[in-house]
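Student: I have a new model open and would like to talk through the reasons behind some of its labels. Could you take my questions one by one?

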Amino acid sequence: MEVKTVGLACDHAGYPLKQFVLTYLEQRGYPCKDYGTFSDQSVDYPDFAHALAEGIESGEVYPGIAICGSGEGMAITLNKHQGVRAGLVWNQDIACLIRQHNDANVIVLPGRFIDNKTAEAILDRFFTATFEGGRHERRVSKIPVQR
């Protein structure tokens, strides 16, 4: 995967894992843009998901990493944006498949359900996987709502 600047977003439940992910990214030399939140104080996840999605759609960041307690709220919100393909990931195989088959541009992690070691393994797979194209490209092109 060709990385531009990695965009990050989380809510309060995802904050501890986001801090780990920031260190992971720094150690690998990936530039980052952090859309927040910046503490473990209670916040509303859509505020941060929308900011990340706008960064993806504008081309300011690619790819994105979003984290909340279950990952579901972030994934639901992110996927409301036409230019975002966000996938909830809890293991390495899914991290690989959402890149290979779905050309995901945002990975969503369930902060309350995976540990740092698992997150690192997931991100390693996500960043090394590539979109296979072919039959998958045809399918991905059908994802945006056509009006």
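Student: Why is histidine 136 called buried?

Tutor: Happily, and keep in mind that this is a predicted model. Histidine 136 has a relative accessibility of 4%, and buried means under 20%, so histidine 136 counts as buried.

Student: Where does histidine 136 sit, and which residues does it touch?

Tutor: Histidine 136 belongs to helix α6, residues 135-140. Leaving out residues up to four places away in sequence, histidine 136 touches Gln100, His101 and Phe131.

Student: How do you know whether asparagine 105 is buried or exposed?

Tutor: The same kind of reasoning works here. The relative accessibility of asparagine 105 is 4%; the limit for buried is under 20%, so asparagine 105 counts as buried. Asparagine 105 lies in the loop between α4 and β5. Its contacts, apart from neighbours within four places in sequence, are Ile56, Tyr62, Pro63, Gly64, Gly83, Val84, Arg85 and Ala86.

Student: How far apart are asparagine 105 and histidine 136?

Tutor: From C-alpha to C-alpha, asparagine 105 and histidine 136 are 15 Å apart in space, and 31 residues apart in sequence.

Student: What makes aspartate 103 worth a look?

Tutor: Its phi is near 50°, a positive value in a residue other than glycine. Most residues other than glycine have a negative phi. Aspartate 103 is found in the loop between α4 and β5. With a relative accessible area of 17% set against the cut-off of under 20%, aspartate 103 is buried.

Student: What makes the bond between glycine 36 and threonine 37 a talking point?

Tutor: That peptide bond is cis, with omega about 5°. Most peptide bonds are trans. Threonine 37 lies in the loop between β2 (32-34) and α2 (45-58).

Student: And what is omega for the peptide bond from tyrosine 62 to proline 63?

Tutor: Omega is near -5° there, and the bond from tyrosine 62 to proline 63 is cis. Proline 63 is in the loop between α2 and β3.

Student: Proline 63 brings me to valine 6. Why is valine 6 called buried?

Tutor: Its relative accessible area is 0%. Since buried means under 20%, valine 6 is buried. Valine 6 lies in strand β1, and Pro63 is one of the residues that valine 6 touches, along with others including Leu25, Tyr30, Ile65 and Phe127. Cysteine 32 is 26 residues from valine 6 along the chain, yet their C-alpha atoms are separated by 4.7 Å.

Student: Let's turn to the helices. Why is α1 called oblique to α5?

Tutor: Helix α1 (residues 15-27) and helix α5 (residues 116-128) pack at an angle of about 50°, with their axes 11 Å apart. Roughly parallel needs an angle under 35 degrees and roughly perpendicular 65 to 115, so α1 is oblique to α5. The crossing of these two helices, α1 and α5, is right-handed.

Student: Which residues of α1 and α5 meet?

Tutor: On the α1 side they are Leu17, Phe20, Val21, Tyr24 and Leu25, and on the α5 side Asn116, Ala119, Glu120, Leu123, Asp124 and Phe127. By class, this contact of α1 with α5 has eight nonpolar, one polar and two charged residues.

Student: Why are α4 and α5 described as roughly parallel?

Tutor: Their packing angle is about 25°, with the axes 8 Å apart. Angles under 35 degrees count as roughly parallel, and α4 and α5 are therefore roughly parallel to each other. Their crossing, that of α4 and α5, is right-handed. Gln92, Asp93, Ala95, Cys96, Ile98 and Arg99 in α4 meet Ala121, Ile122, Arg125 and Phe126 in α5. The residues of this contact of α4 with α5 divide into six nonpolar, one polar and three charged.

Student: Which residues touch the most other members of the largest nonpolar core?

Tutor: They are Val21, Leu25, Ile65, Ile107 and Leu109, out of 24 residues in that core. The elements giving two or more residues to this core are β1 (6-10), α1, β3 (64-68), α4 (92-100), β5 (106-110) and α5. The largest share of this core, six residues, comes from α1. Apart from it lies another core of 18 residues, including Phe48, Ala53, Ala66 and Val108.

Key: Residues numbered from 1 in each chain as written. Predicted model: local features only at pLDDT ≥ 70, side-chain atom pairs only at ≥ 80, totals over all residues. Heavy atoms only, no water. Axes fitted to C-alpha atoms, helices over the stretch in contact; angles between N-to-C directions. Helix = DSSP H or I, 4+ residues; strand = E, 2+ residues; numbered from the N terminus. Parallel < 35°, antiparallel > 145°, perpendicular 65-115°, else oblique. Left-handed = near helix turned anticlockwise from the far one by under 90°. Contact = heavy atoms within 4.5 Å. Nonpolar A, V, L, I, M, F, W, Y, C, P; charged D, E, K, R; others polar. Core = buried A, V, L, I, M, F, W, Y, C linked by side-chain atoms within 4.5 Å. Buried < 20%, exposed > 50% of the residue type's maximum accessible area, 1.4 Å probe, protein only.
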